[in-house]
Amino acid sequence: MAEVIPSLLSADFANLGSGIEQVVSAGARTLHFDVMDGRFVPNISIGIPVLRSVRKITQVTIDVHLMIVEPEKYVEAFVEAGADWISFHYEATAHTDRLIQQIHNAGAKAGVVVNPGTPVSVVKPVLSVVDHVLVMSVNPGFGGQSFIRYSLDKLLELKELKAKAGSGALSEIDGGIGPENVELVVKYGADLIVAGSSIFGQQEPARAFQRLQELAGSKPIMEDV
Ligand code: DX5
Ligand code: ZN
């Protein structure tokens, strides 16, 4: 069953503990933690000290999405602060394989992220070593943007590439996902579905999460689309 992962980017940071408690009580097993540096993306978000505080109040898996230049400089610091998974942008490093190894050596699961304008086939060489591939379905940097429709084709292509390679990597999608399209991304092969504004932007985040999770799991993943 596909897993819905709340993105803390859309939470109220003054009441972050309460926001986390609400979605975790509603069944969230993983939290998505967006790190932006104002260089790789045109926005600045949260980083290591906030992650450390979040780690202290929850045992759930923390999925750190680095939208930063020179991600190799910060891997160990993020793992030390509590990251379980670390994903970096393919576009942000010349050394995809080396960085995957570095993340694994630091003790975390490693993911590679591709921007909307980057072909998903760039991950083909590393499919046997990477734990997850994140297909961005908005241009990274902001919550609340519209879903880019051609991301579905990329999910499908990723599913085919993984099948050919015998890869066990999970397919993650991030951006513009809500009740109107969550079933669609599952149908096209998403295993992990990140959702920010459609959970924390709602009156009742716990209910919004549960509804999305039900929709994501209500139909079996179709093999042929
Ligand atoms: C965007 C971030 C996303 C963001 C998604 O750059 O990577 O994780 O929180 O927000 P929504 O779900 O509102 O599009
Ligand atoms: Zn993200």
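Hi everyone, this is a short walk through the surroundings of ligand 1 and one residue in helix 1.

A word on conventions: this is a predicted model, where local features need pLDDT of at least 70, side-chain atom pairs count only at pLDDT 80 or more, and totals for chains, interfaces and linings use all residues. Residues are numbered from 1 along each chain as its sequence is written, and side-chain values use heavy atoms, with hydrogens and water left out.

Let's start at the ligand. There are 20 residues around ligand 1, and Ser-7, Asp-34, Gly-144, Asp-174 and Ser-197 come nearest; near here means a heavy atom within 4 Å. By class, that shell has 8 nonpolar, 10 polar and 2 charged residues, with Gly counted as polar, and Asp, Glu, Lys and Arg as charged.

Now the polar contacts, meaning pairs of N or O atoms within 3.5 Å. Ser-197 has a polar side-chain atom 2.6 Å from an oxygen atom of ligand 1, and for Ser-7 the corresponding distance is 2.7 Å. Gly-176 uses a backbone N or O atom, 2.8 Å from a ligand oxygen atom. Of the 380 Å² of accessible area that ligand 1 has on its own, the protein covers 99%, by the Shrake-Rupley method with a 1.4 Å probe.

Which strand gives the largest share of the shell? That is strand 2, with 3 residues; strands are DSSP runs of E, at least two residues, and helices are runs of H or I, at least four.

Finally, Gln-22 sits in helix 1, residues 16–25. Its relative accessible area is 30%, so Gln-22 is partly exposed, that is, between buried (under 20%) and exposed (over 50%), with a 1.4 Å probe and protein chains only. Gln-22 and Glu-204 are 182 residues apart in sequence, yet 8.7 Å apart in space, C-alpha to C-alpha. Thanks, everyone!

Conventions
Chains lettered and ligands numbered in written order. Polar contact = N/O pair within 3.5 Å; in protein donor to acceptor, adjacent residues only side chain to side chain.
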